[in-house]
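The exercises below are meant to be worked through with the sequence and the model side by side. Try each task before reading its solution.

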Amino acid sequence: MRMQWALLAGAVMIILSGCGNSNMSNQEHTTNSSQQHDTSDMNHSTSSELPAGLKEAENPAFKVGSQATIQADHMAGMNGATATIVGAYTTTAYTVSYTPTTGEEKVNNHKWVIHEEIKDAGSEPYAPGTEIILGADHMKGMDGAKATIDSAEPTTVYMVDYTPTTGGEPVKNHKWVTESELSAH
């Protein structure tokens, strides 16, 4: 009888710990920019499709085809990973807070959405506090979501390929890493 209770208690603990982990990964991407996004919500298609109007950088610090070290923690396994530069573009990069169209909890300080990924964007950059509609699909529920600009940074952004330092499948065409988030390899 004791053995059955021990087995039942163990099974309940495993089930409950699995639920806790699921909730944690959902909450992980909703808090703030100092925490990493849950990679299951990221759109890691291998698409190299670019938003309309995005201009290639004329003289980027990191040339297409070169390698750099990522100094950002947008997602688990990103910080310290070796990136291969796939593209370099001149734009304004924004951190935004938005409520996903999927009904999930609000995401605060998401890095990065670029100017060309904002629906009906004009030619001038947006100021912090401006409400916009997202046209990016980096994460589930992002495209079409109402958002607020938290910060704006004119910069060169990079599309990169990298293998997470935590292991797992290589990430292709990750959008976006800013110039300040890369260092010479």
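**Exercise 1. Find the stretch over which pLDDT stays under 50, and state how many contacts beyond four places in sequence the model has for it.**

Solution. Begin with pLDDT, the predictor's confidence in each residue, from 0 to 100: it stays under 50 over residues 1-45. For these residues the model has 58 contacts beyond four places in sequence, a contact being heavy atoms within 4.5 Å. Where pLDDT is low, the predicted coordinates should not be read in detail. Turning to the whole protein, the mean pLDDT is 81, and 75% of the residues reach 70 or more.

Residues are numbered from 1 along each chain as its sequence is written, and since this is a predicted model, local features need pLDDT of at least 70. Side-chain atom pairs count only at pLDDT 80 or more, while totals for chains, interfaces and linings use all residues, and side-chain values use heavy atoms, with hydrogens and water left out.

**Exercise 2. Work out which residues have the most contacts inside the largest nonpolar core, and which strands supply it with at least two residues each.**

Solution. A nonpolar core is a set of buried Ala, Val, Leu, Ile, Met, Phe, Trp, Tyr and Cys residues joined through side-chain atoms within 4.5 Å, where buried means under 20% relative accessible area, exposed over 50% and partly exposed in between (1.4 Å probe, protein chains only). The largest has 17 residues, and Ile70, Tyr158, Val160, Tyr162 and Leu182 have the most contacts inside it. At least two of its residues come from each of β2 (67-70), β3 (82-98), β6 (146-162) and β7 (171-178); strands here are DSSP runs (E, at least two residues), numbered from the N terminus. A second, separate core of 15 residues includes Val96, Val107, Ala136 and Ile149.

**Exercise 3. Identify the partner of lysine 119 in a salt bridge, and locate both residues along the chain.**

Solution. A salt bridge requires a side-chain nitrogen of Lys or Arg within 4 Å of a carboxyl oxygen of Asp or Glu, and a search of the whole structure finds one. Lysine 119 pairs with aspartate 143, their closest N and O atoms being 3.6 Å apart. Lysine 119 lies in the loop between β4 (107-114) and β5 (131-133), and aspartate 143 in the loop between β5 and β6, 24 residues apart. Lysine 119 is partly exposed, with a relative accessible area of 39%, and aspartate 143 is also partly exposed, at 41%.

Conventions:
Helices (H or I, at least four residues) and strands (E, at least two) are DSSP runs, numbered from the N terminus.
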